[in-house]
Amino acid sequence: MSKVPGWLGRVGAGLTRMGQRLDERRAAGERGEDPVPAPESVPAPPTYAPAVAARPDPVAAIPWGLRVAAEAGWRLLVLAGTLWVLMKVISEVQLVVLAFVAALLITALLQPTVARLRRLGLPRGLATAVTAITGFVIMGLIGWFVVWQVMDNLGDISDRVRDGIDELKRWLLDSPFHVTEQQINDIAKNLSDTIGTNTEEITTAGLQGVTVMVEILTGMLLTMFSTLFLLYDGKKVWTWWLKLVPAQARPGVAGAGPRAWRTLTAYVRGTVIVAMIDAIFIGLGIYFLDVPLAVPLGVFIFLFSFIPLVGAVVSGALAVIVALVTQGVFTALMVLLVVLAVQQIEGHVLQPFILGRAVRVHPLAVVLAVAAGGLVAGIGGAVVAVPLVAVTNTVVGYLRAYSQEQAMRAAPGPHGATAYRTAPTPAPGEAPKDTE
């Protein structure tokens, strides 16, 4: 028998090992174990081949700042979409929202009176009825008095306006502005032509004014009914609303609600006091300067004072214009000085003293809030913008402090060296206490 060649023996040995591995995998599969993977031999690259760096993870390749910006960006988009939908809903029911907000402001003004009457022994229903009826009667009398004064002095005002326009025309002709009579006549002619050309638009505006009056009356009725129910069942309404808040956030919201209400009450009462002082002193100044409609102008100043910054400018400009067209340039300048003096006293003395730090809002926030409120909901939005910002500031501050307090309570207590550092220092002659 011839000798088996060496290469043939090596082939046979390799086949034998392969069979053994197959038997091992088959036996492992029958036992439910993972089969042993066959080792793979990868030839090493040649020495002259260039080194190829491994590709990084795509997430790790994005800079950290860009990832944070992207995470914040999509959340801001969700918030912006939510706010947009909320604004669209509010714009559709704007009359109802403004009526309810006005009822909240009136309730914040009248609720302390209801509380005093309750402490005097009156039932809740009777105290609410007396307060609401008295408040609405006073508001109605003020409105009637303003209309009566305007209608009673309308004829005199028309004559004075014509005389004032003639005096203003003479003053412009003699002024250093080099205004000619032909230019003044051209301005008057263009104004007359504009009014004649846009008669249809003016008629349409008048018809729209009728619709606006109907909406105003509807809003007033909604405000009155909402005020009555808020004065009578305010706590029940607040308790019902708390049930809609998730259980985890309910304690924080329950604590923020009374603080927000105190802020709103302080703001409304302080604003009413400041507005009354402005109206009285500016009205007295206008009266002693012999400007007509001093009392109605004082009432307008009182109402416009509820719009911070902007209301003072508008009401002051109205008083100056009336003084200019009725009494001349000198009286208008004196009225302007009176308005500026009272506004300076209000801004630097009355508001810090009466409103206090609890409801103080930065002037930039006031301007932006009034502008945004005016763009969204007109005059009503401008009136409620600043108290909304003040209440939001109070709520956010309380919730931040509440969350920090809850986090400190949930944190583990100090121990060891930390407990020693945080332990109170004993008084002289007192034995130190054990911190463990």
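**Entry 1: the biggest core**

I started with the largest nonpolar core, which has 19 residues. I wanted to know which of them touch the most other members. They are Leu 105, Leu 264, Val 268, Phe 302, Val 366, Val 370 and Val 386. I kept in mind that this is a predicted model. Next I checked which elements give two or more residues to this core, and I found α4 (94-119), α9 (250-288) and α13.

I then picked Val 268 and looked up its contacts, skipping residues up to four places away in sequence. Val 268 touches Leu 105, Ala 108 and Leu 109. There is also a second, separate core of 15 residues. Ile 282, Ile 301, Ala 319 and Val 320 are among its members.

**Entry 2: the bent helix**

Helix α13 covers residues 363-410, so I read off how far apart its end C-alpha atoms are, given the 1.5 Å a residue of a straight helix. The ends of this 48-residue helix are only 39 Å apart, while a straight one would reach 70 Å. Where is the kink in α13 centred? I found it at Ala 377, with an angle of about 145°.

**Entry 3: aromatic rings**

I counted aromatic pairs and got three. One of them is Trp 238 with Trp 241, and this pair is stacked, at 5.7 Å centre to centre and 15° between the planes. How many residues apart are these two in helix α8? They are three apart, so about one helical turn separates them. I looked up their exposure too: Trp 238 is partly exposed, with a relative accessible area of 31%, and Trp 241 is also partly exposed, at 41%.

Tyr 287 and Phe 288 make an edge-to-face pair, with 5.6 Å between centres and 70° between the planes. Are these two rings' residues buried or exposed? Tyr 287 is exposed at 55% relative accessible area, and Phe 288 is exposed at 66%.

One more ring caught my eye. Arg 124 lies over the face of Tyr 232, at 4.4 Å from the ring centre.

**Entry 4: the whole chain**

Last, I stepped back to look at the protein chain. I counted 14 helices and zero strands, so reading from the N terminus on gives α at every step. The chain has 436 residues, and buried ones make up 24% of them. I also checked the contacts between residues at least 6 apart in sequence. Of these, 67% join residues at least 24 apart.

Key. Residues are numbered from 1 along each chain as its sequence is written. This is a predicted model: local features need pLDDT of at least 70, side-chain atom pairs count only at pLDDT 80 or more; totals for chains, interfaces and linings use all residues. Side-chain values use heavy atoms; hydrogens and water are left out. Helices (H or I, at least four residues) and strands (E, at least two) are DSSP runs, numbered from the N terminus. The bend at a residue is the angle between axes fitted to the seven residues ending there and the seven starting there. A nonpolar core is a set of buried Ala, Val, Leu, Ile, Met, Phe, Trp, Tyr and Cys residues joined through side-chain atoms within 4.5 Å. Buried means under 20% relative accessible area, exposed over 50%, partly exposed in between (1.4 Å probe, protein chains only). Contact means heavy atoms within 4.5 Å. Rings of Phe, Tyr and Trp (its six-membered ring) pair if their centres lie within 6.5 Å; planes under 30 degrees apart count as stacked, over 60 as edge-to-face and the rest as tilted. A charge sits over a ring if NZ of Lys or CZ of Arg is within 6 Å of the ring centre and within 35 degrees of the ring normal.
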